Each structure stands twice: as structure tokens, then as C-alpha cells.
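User: I'd like to learn how to read helix packing and enclosed space in a model. Can you walk me through it?

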Amino acid sequence: MPDAALRDSRPRTPSEVDSFRPSAARMYDYYLGGSNHLAADREAADALLDAVPQVAEVARQNREFLHRVVEYAVQHGVTQFLDLGSGYASPGGLPEVALAHDPSCRVVAVDIDPAVVAQVQTIVRTSRLSGQVGAVHSDLRDLTAILEHPVTQRLIDFDRPVAILCLAVLHFVPGDLQHRVLAPLRRTAARGSLLALSHATAAAPTPTDAPVPPGRAQSIGVSRPDPSTIVRLIYDCTLTPLTLRTESELRRAIGDLDLVSPGLVPVDRWHPPSSGPETVVPPISSLLAAVAQL
Ligand SMILES: C[S@@+](CC[C@H](N)C(=O)[O-])C[C@H]1O[C@@H](n2cnc3c(N)ncnc32)[C@H](O)[C@@H]1O
């Protein structure tokens, strides 16, 4: 169980939807071509896509990583999923993919965004999936609340292995990831559990990040911000600002977790389909991914 210290510092989650402020969940849904977004999200996401067009492709790669993780888990006998920072349930999302692999799968989706949780709850209700899928409104750092929530208690047996997913969400968690998130999760999960993560990185500048050529911007002493800075500034307007970590910072956070081969790699390189098309790894703000055996 998580530390008493973590129990005492439970973060607060917003209880209402702020439709004037872009949300990471709705922006991500927009990148994936979904329909759960508002004007503020589209404006922020378009500004971001303008600066870093490969973001939509990275989101798609992340969704494919999710599919490969589910397949890997089910093949290894793990049929319970705790999805931290689940995002909206959409076609090709975790509940649909997991249940297609094995109808006995159980899924608990956890998200800090109340609109996400409401949407998942509606889908669960209308599809009569409440015996297998549930949603919990919580900050993922509040592990005690997640574990004690009736939905989690009803659907997940922590004495058996569970696949804990932290996909494209840990970069919304500032500070010490190891101490705040990964170590408590590790202590909670039974032997044989899996922990999958993907995380946006601040890559080293590439030649394409060269400063603006001499002109007006330079004449007033301004150079174009690098794409990572633009991404960060846009997410600063959301409820969940971004903490881009470098690859070595991420490796330090992962510490001595026992990573499944090939370890921490660009998200499209984790168990890629052998006959799939060659994909180009975007040079900037790429996602790194790994799966650990707990
Ligand atoms: C980029 S989406 C990723 C969705 C999904 N995990 C995937 O990979 O397809 C990030 C999600 O994490 C949620 N989120 C951000 N910070 C969170 C936190 N501290 N606790 C729980 N959820 C969080 C956002 O609301 C959003 O739905």
C-alpha cells in the first residue's frame, strides 16, 4: 500500500469542466480525429500542430503502442488493466481492444478530467459493460484513493497480476516521478504485474531548430523558440502543464525497474509489427516508451 505521506498529500482534482480552457484530454482526442473537443481545445491543438506537425502522428503511434501492450499483457496471462490518465474512451481505445483480445478482461480507467470520466461512465452504462469496465475520477498521484475506490475494488484483484498503464500521462506529473508515482505503484502490484509507460521527451535541438534568419525578429533581438518550448507554453494554458524530461532524466526515474526487451525506446519501436511500414521517428518531442515486469 502507498506511504502515509502520500495519503496525507492527496492532490485536488477539478470537479467541473472548464470549457474556456484547453484540456490535454480533449486536445489529444482532437489529434486522434475524435469528436470530444471544444473551440478552446481546437485552437490550442491547431497552434501546436502548426509548430510541431508530427504531434498527430506521435499520438497515433502511442495508440498503436497501447494495442501492442494489451496484446503482450493478455499473451502473458494479465487480463486486469488499471489505466492511469486514460483519456476518452474512443474506438480502438483500451476497453474495446482488451475485451476483443479476451472477453474476461477487466479495465479501470482513471483520469483527472471530469469530462473524461463522465464519458467513460456513460459508455459503460449504455454498453452494459459495468461488470468489466469502470471509471474513477482521480489524480493518478492519489494512489490510495484509486485503490480504495469502490469501482477499483469491485473490478481489480490486486492479489493477482495487473497491467498498469501510464501512457502519455507522466509528462503531466511534475517532480520526482520515481518517488511520487513509480515506486508506490511497484509496491502495490502483485508479482507478474506489468507497468507500461510512454513519456514525451525534450530532445536535443536538431539542425531544423536553427534560429530565424536575419530579419525583423533578430533585429529586435528575438529568436524563434524551439518546438519543445512552444509545446510547453501551449500546455501551460491547460489544467495539466507539461514537464518534458530528457531521456536520461526518464532513465533515472525508471531506476532499476526490470524492463522487458527492448527497454526504453521510441514508442513506435516497442515490439513493432514485423510486416508494418517503416515509420520515421520524429526528431523533436518524441515519445519514449517502455514496459516493466513488476
Ligand atoms: C495525452 S492523454 C493520454 C490518454 C491515454 N493514456 C493514451 O495514451 O491514449 C493524457 C490524459 O491524462 C490525463 N491526466 C493528466 N494529468 C493527470 C493526472 N495527474 N492524473 C490523472 N490523469 C491525468 C489527461 O486528462 C488526459 O486524459
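Analyst: Sure. Two packed helices are described by the angle between their axes and the distance between the axes. In this predicted model, take helix 2 (residues 24-31) and helix 3 (residues 39-51): their axes come within 9 Å and cross at roughly 60°. Angles from 65 to 115 degrees would count as roughly perpendicular and those under 35 as roughly parallel, so helix 2 is oblique to helix 3.

User: Which hand does the crossing of helix 2 and helix 3 have?

Analyst: Right-handed. On the helix 2 side, Arg-26, Met-27, Tyr-30 and Tyr-31 make the contact, and helix 3 brings Asp-41, Arg-42, Ala-44, Ala-45, Asp-46, Leu-48 and Leu-49.

User: How does the contact of helix 2 with helix 3 split by class?

Analyst: There are seven nonpolar residues, four charged and no polar ones.

User: Okay, now the empty space. How many cavities of 30 Å³ or more are there?

Analyst: The idea first: rolling a probe the size of a water molecule over the atoms shows where empty space is left. Here the count comes to two cavities of 30 Å³ or more. Let's look at the second largest cavity, which holds about 30 Å³ of space.

User: Which residues line the second largest cavity?

Analyst: Its lining is Leu-140, Arg-141, Leu-143, Arg-180, Val-181, Pro-184 and Leu-185. Helix 9 (residues 177-188) supplies the largest share, with four residues. Sorted by class, this lining has five nonpolar and two charged residues, with no polar ones.

How values were computed: Residues are numbered from 1 along each chain as its sequence is written. This is a predicted model: local features need pLDDT of at least 70, side-chain atom pairs count only at pLDDT 80 or more; totals for chains, interfaces and linings use all residues. Side-chain values use heavy atoms; hydrogens and water are left out. On a 1 Å grid over the protein atoms alone, a cavity is a set of points where a 1.4 Å probe fits but cannot get out, and a pocket is an open set with protein on both sides within 12 Å along at least five of seven lines; lining residues have an atom within 4 Å of a point. Grid points are joined across faces, edges and corners, and a volume is the space filled by probe spheres set on the points. Helices (H or I, at least four residues) and strands (E, at least two) are DSSP runs, numbered from the N terminus. Ala, Val, Leu, Ile, Met, Phe, Trp, Tyr, Cys and Pro count as nonpolar, Asp, Glu, Lys and Arg as charged, and the others, Gly among them, as polar. Axes are lines fitted to C-alpha atoms, for helices over the stretch in contact, and angles run from 0 to 180 degrees between N-to-C directions. Angles under 35 degrees count as roughly parallel, over 145 as roughly antiparallel, 65 to 115 as roughly perpendicular and the rest as oblique. A crossing is left-handed if the near helix is turned anticlockwise from the far one by less than a right angle, and right-handed if clockwise. Contact means heavy atoms within 4.5 Å.
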